[in-house]
Amino acid sequence: IHLNVDIKPLKWLNAGIHANFSPTNVDASSNYDVIDMFNTHVESQQAVSDKIFNIDGYLTINPVKGLSNTFRLSRIKEDLDLDRSTSIVYRKLVNSSYYDDYNETFYNHSTYLDNKLTYRINTFSQKVDITASLSYNRIKWDTKTTYSKLAISDYPSQSGGYTKINIDFESWTPDLTFNVWNAITLQTGLRFDNPFKTENLSSKSPYVFFALNFKNLLLEKAKRISTLSFNVSYSEYNQGESNPVNNNFTGFFWSLNKYGLKDIPESGNSFSVGGNIGLWGDRIQLNADWYSTTSNELFTINMPYGSGFYTIQTLRPVINKGWRVWAGAKVINAINFAWSTGLNINQNDSKNDFPNVNYIAASENFDNYDRTKNFFTGVNYQSLAQLNQMKPQRIEMNKYQGVVTGGFTNTFNYRNFSLTVNTAFTTNRKLFTYPNNELYWRKDDLSGFPADAGQVIYLNSISISNASFGYTISKLKFINSLGVFLVARNLFTYENYEAY
């Protein structure tokens, strides 16, 4: 249910309020076999109830020429309830089965505040346009997840608990943009993120964007070419270090890092170059870009059983690079009938040097470990001795692996009727699965990893993700348009798994 109200009582004043309520109820069941050493059979049933309500209001003031200020306040409320039962039978094991009943409730109450002050001037005989802006954002995010689980295997067990996350931070972004002859654009800015909670880290993110509009610069008289442009962008992300905290536990537990939990600074950068071309009044359009992102992200890894179920936090480089292509065409554009089509393809190559904790423990000297990049908690002396005797067992993605995703859409219009069909596909996706069916990205090489502990699955899929059929009436009294639509999601899915 949508409600949008926009008003303009004065020439220099705009205001509006937008509201949306989206309830969802899903009942699903599944029955499948798992390709593993136990010939496992799984049956599950799941019921989900999710209610999302969001509302936002804005106020825009233009007191003088070139000066404007927009204030926006948004509120999102989500309440979700999930019930799931799972039954697992290990056919190759005698009298071996597993059953659990799981319940989860989740709420998210978030508030977003945004204010943007902009000043724009034209100079040098209207040939140069300069825009300066200052944006302020405040985000307050409160979530809580409560769960309970009853499991029956060799004996019944019950567990439960909750996770609560509170995020509260503000951002300041000064930005400056130059536009020359409506053909050359240079934009630069710097974003500052400042948390209100001491356990979170502040960050700063500089960025720069450059674009050339060849159509306006050199090809104004070209009739067939309606759009031709080129752009390049670069940005960085750097967290600042927090004040060191005392983690020197006494007695049985021992910490190896001066930093507190989640206090290790992350960083990254992103670069992209692209362009677009439009022909015959943009009846045919083609957009493409190439991108590369590098980030040093904080991962949490469970320690082996010998350490007493504790964790290690470590910074690991994650590299993504690839290309994206979007193409669209108005195939038919007659008076009573129109057909438009579009295609998008994205190939993403990932690389992550990510050893597991056995490798770290066996190959590193704990006394000399880089304490600014790793955090150990709850490790005792006896566990350290056991870990140092373990053989390295590296689980990594040290080669780029390519995943191709995309989709195509077709829209048909006949008089007041419309039909839209969206299709999505994925090729060369690699998944790594443990016997408990948890999925991880994995590389091809399984050397050094026990064959009975997991497997790599190649996934290729195609699906009709969304389709809509509608009838629209326009030019009614007091009503600009009135439409009724029938929408279907996930109409068809075909997946091809190859496992070894």
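By the ring-centre criterion, the count of aromatic pairs comes to 7. The model analysed here is predicted. Among these pairs, Tyr136 and Trp172 adopt a tilted arrangement, with 4.6 Å centre to centre and 55 degrees between the planes. This pair links distant parts of the chain. Tyr136 belongs to strand E6 and Trp172 to strand E7, 36 residues apart. The two rings fall into separate accessibility classes. Tyr136 has a relative accessible area of 17% and is therefore buried, because the buried class covers values under 20%. Trp172 is partly exposed, at 38% relative accessibility.

Phe417 and Phe469 also form an aromatic pair, and this one is stacked. Their rings lie 6.0 Å centre to centre, with 20 degrees between the planes. The stacked label follows because planes under 30 degrees apart count as stacked. Distant parts of the chain are again linked: Phe417 sits in strand E17 (residues 417–433), Phe469 in strand E19 (residues 455–476), and 52 residues separate the two. Phe417 is partly exposed at 38% relative accessibility. Phe469 is partly exposed as well, at 42%. With Tyr471, Phe417 and Phe469 make up one aromatic cluster.

A charge-over-ring contact was also found. Lys144 lies over the face of Tyr162, at 4.8 Å from the ring centre.

Charged pairs were examined next. Side chains of opposite charge can pair when their charged atoms come close. The structure holds 5 salt bridges. Among them is the pair of Asp56 and Arg72, whose closest N and O atoms are 2.8 Å apart. Asp56 is in strand E3 (residues 40–61) and Arg72 in strand E4 (residues 67–90). The pair links distant parts of the chain, 16 residues apart. Asp56 counts as buried, with 15% relative accessibility. Arg72, at 30%, counts as partly exposed.

Arg138 and Asp168 form another of the salt bridges, the closest N and O atoms again being 2.8 Å apart. Here the link runs from strand E6 (residues 128–152), which holds Arg138, to strand E7 (residues 156–180), which holds Asp168. The two residues are 30 residues apart. Arg138 is partly exposed, with a relative accessible area of 27%. Asp168 counts as buried at 12% relative accessibility. Strands E6 and E7 are also the strands of the tilted aromatic pair, Tyr136 with Trp172.

Asp289 and Arg324 form a further salt bridge. The closest N and O atoms of Asp289 and Arg324 are 2.7 Å apart. Asp289 lies in strand E12 (residues 284–302) and Arg324 in strand E13 (residues 311–333), so the salt bridge ties together parts 35 residues apart in sequence. Asp289 is buried, with a relative accessible area of 15%. Arg324 is partly exposed, at 28% relative accessibility.

The accessibility classes of these charged residues can be set side by side. On the acidic side, Asp56 is buried, Asp168 is buried and Asp289 is buried. On the basic side, Arg72 is partly exposed, Arg138 is partly exposed and Arg324 is partly exposed. The acidic residues are assigned to the buried class because their values fall under 20%.

Definitions and conventions. Residues are numbered from 1 along each chain as its sequence is written. This is a predicted model: local features need pLDDT of at least 70, side-chain atom pairs count only at pLDDT 80 or more; totals for chains, interfaces and linings use all residues. Side-chain values use heavy atoms; hydrogens and water are left out. A salt bridge is a side-chain nitrogen of Lys or Arg within 4 Å of a carboxyl oxygen of Asp or Glu. Helices (H or I, at least four residues) and strands (E, at least two) are DSSP runs, numbered from the N terminus. Buried means under 20% relative accessible area, exposed over 50%, partly exposed in between (1.4 Å probe, protein chains only). Rings of Phe, Tyr and Trp (its six-membered ring) pair if their centres lie within 6.5 Å; planes under 30 degrees apart count as stacked, over 60 as edge-to-face and the rest as tilted. A charge sits over a ring if NZ of Lys or CZ of Arg is within 6 Å of the ring centre and within 35 degrees of the ring normal.
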